Amino acid sequence: MHSDLAFLSSLELSDIDRVTTANLIFDVVDWGHLQPRSLTVGEVNDYFGNLAEKYSSNDDIGSQGVRSVLAESPRYSALSLASVTGKVYSDLWSSFDDVEYFDKTLELLQTRFTANAISIEKFSSCLDAGCGSGRYSVALKKMNPHMSVTGLDVSSDAINFGRQMAKRKGVEVSFQTGSVLDLPFEDESFDFVFSNGVLHHTSSTEQGLREINRILKPGGGCWLYLYGGKGALFWDIVECCRAILRDVPQEYTQNIMAEIGFEAGKIFHRCDFFYVPTNRRYLESEVTAMLENSKFSRWHRLERDVGHGWDEILWNHPNTSLLFGEGEMKFWVQK
Ligand SMILES: C[S@@+](CC[C@H](N)C(=O)[O-])C[C@H]1O[C@@H](n2cnc3c(N)ncnc32)[C@H](O)[C@@H]1O
């Protein structure tokens, strides 16, 4: 599938059609979430067949409503189609409201920890390595108020945003800029590291793992989440969408999606996949080889998740491996 993707980006489609088409294609993922029992190769083929028919019979792909909204809306008149900024994530987080940022994140993390029997009670210092908006740094502090929490990210926009949000709610988290590939901390500085969806976006996952190992205290623990599902349909869908949206600025896509009625969390989730420059994915055997090379002593795969998470769906409906492959690569790792 990947070798044909140039064809998608060269199609004669308007930017609005590109955004709506990418979202229609990505709907297969939600479809897999909603009806996990019935997702089969035949159904997926039917889905893409129907989409192809829409292409040939109606080049607007249902976007007429969006087009008229845009025509009326002055807020889009100054939209620049010229450049995609490098600020993929900070642009996405800025639209989170308090419920999404504070309440939903805390609930999500608590459910994930409980489902996988993880307790962070005993830890006294935590590094959120690649904290982004800082939403998990804040949630971790709330879960264990006795633990000092440091949020670190390479993006100063993200760090400033996290600082503002934490301050506004009076949550004590220290934020600083820096790279997870060259952590600005002494050896054995933390007893807990939270690395959630970060290292697969860097130039070297293994260098990041070596750094985490270096700054962890002996016996310390690490929550590690890397992209999984290598080779599964999910990533083919992502690559299709990326090819279709290649020349459409992120800001434009976000605005259209908001206008269509997507909530902030879903815009974040999709645009993350659509726009982030690097997103390597792994098989379980590849993760364990990297952990071994990075000198960790023990680890186990975290197999449960919240209801809509890949791993939870796979746990309950193994036939969804067509879409999700081996699932996400979440591990509890010890030095
Ligand atoms: C998908 S976001 C995850 C953010 C956060 N962990 C979460 O789960 O909400 C990836 C984050 O990694 C950060 N990042 C990418 N490369 C980095 C690096 N070398 N050092 C530190 N942060 C990095 C990005 O700026 C972004 O905030």
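**Entry 1: L291.** I began with L291 and found it in helix α13, which covers residues 284–293. I kept in mind that this is a predicted model. Is L291 buried or exposed? I counted 21 other C-beta atoms within 10 Å of L291. A residue is called buried here from 20 such atoms upward, so L291 is buried.

Next I looked up who sits around L291. Leaving out neighbours within four places in sequence, I found L291 in contact with L209, F296, W299 and V333. I also checked R210, which is 81 residues away from L291 along the chain. The C-alpha atoms of L291 and R210 are separated by 8.6 Å.

**Entry 2: what α13 rests on.** I then followed the whole helix. I saw that α13 lies across three strands, β5 (216–226), β6 and β7 (329–334). Against β7, the helix α13 runs at about 25°.

**Entry 3: the sheet.** Those strands led me to the sheet, so I wrote down its order. It is an open sheet of 7 strands, β3-β2-β1-β4-β5-β7-β6, with mixed pairing. Which strands stand at the edges? I found β3 (174–177) and β6 (298–301) there; each has a single partner strand, so one side of each is left without a neighbour in the sheet. I noted that neighbouring strands of this sheet are turned by 15° against each other on average, with direction ignored.

**Entry 4: the β3 edge.** I reminded myself that strands of a sheet pair through backbone hydrogen bonds, either parallel or antiparallel. For strand β2 (residues 148–153) and β3, I found the parallel sense, over 4 bridges. As one detail, I looked up T150 and found that its bridge partner in β3 is S174. Helix α8 (residues 156–168) lies across β2 and β3, and I read its angle to β3 as about 170°.

**Entry 5: helix α11.** I turned to α11 (residues 250–260) and listed its buried residues: Q250, T253, Q254, I256 and M257. Where do they fall, seen down the axis of α11? They fall within an arc of 165°, so they line one face of the helix. It helped me to recall that an α-helix has 3.6 residues a turn, so residues three or four places apart point the same way. Just after α11, I came to G261, which takes a positive phi of about 115°.

**Entry 6: the ligand.** Last, I looked around the ligand and found 20 residues surrounding it. The closest are G130, G132, V154, V180 and N196. Sorting the shell around the ligand by class, I got 8 nonpolar, 9 polar and 3 charged residues.

Methods: Residues are numbered from 1 along each chain as its sequence is written. This is a predicted model: local features need pLDDT of at least 70, side-chain atom pairs count only at pLDDT 80 or more; totals for chains, interfaces and linings use all residues. A residue is near a molecule or strand if its C-beta atom, placed from the backbone, lies within 6 Å of it. Ala, Val, Leu, Ile, Met, Phe, Trp, Tyr, Cys and Pro count as nonpolar, Asp, Glu, Lys and Arg as charged, and the others, Gly among them, as polar. Helices (H or I, at least four residues) and strands (E, at least two) are DSSP runs, numbered from the N terminus. A residue is buried if 20 or more other C-beta atoms lie within 10 Å of its own, exposed if 12 or fewer, and partly exposed in between; C-beta atoms are placed from the backbone. Two residues are in contact if their C-beta atoms, placed from the backbone, lie within 7 Å. Two strands pair if DSSP finds at least two bridges between them. Axes are lines fitted to C-alpha atoms, for helices over the stretch in contact, and angles run from 0 to 180 degrees between N-to-C directions. The arc is that of the directions from the helix axis to the C-beta atoms.
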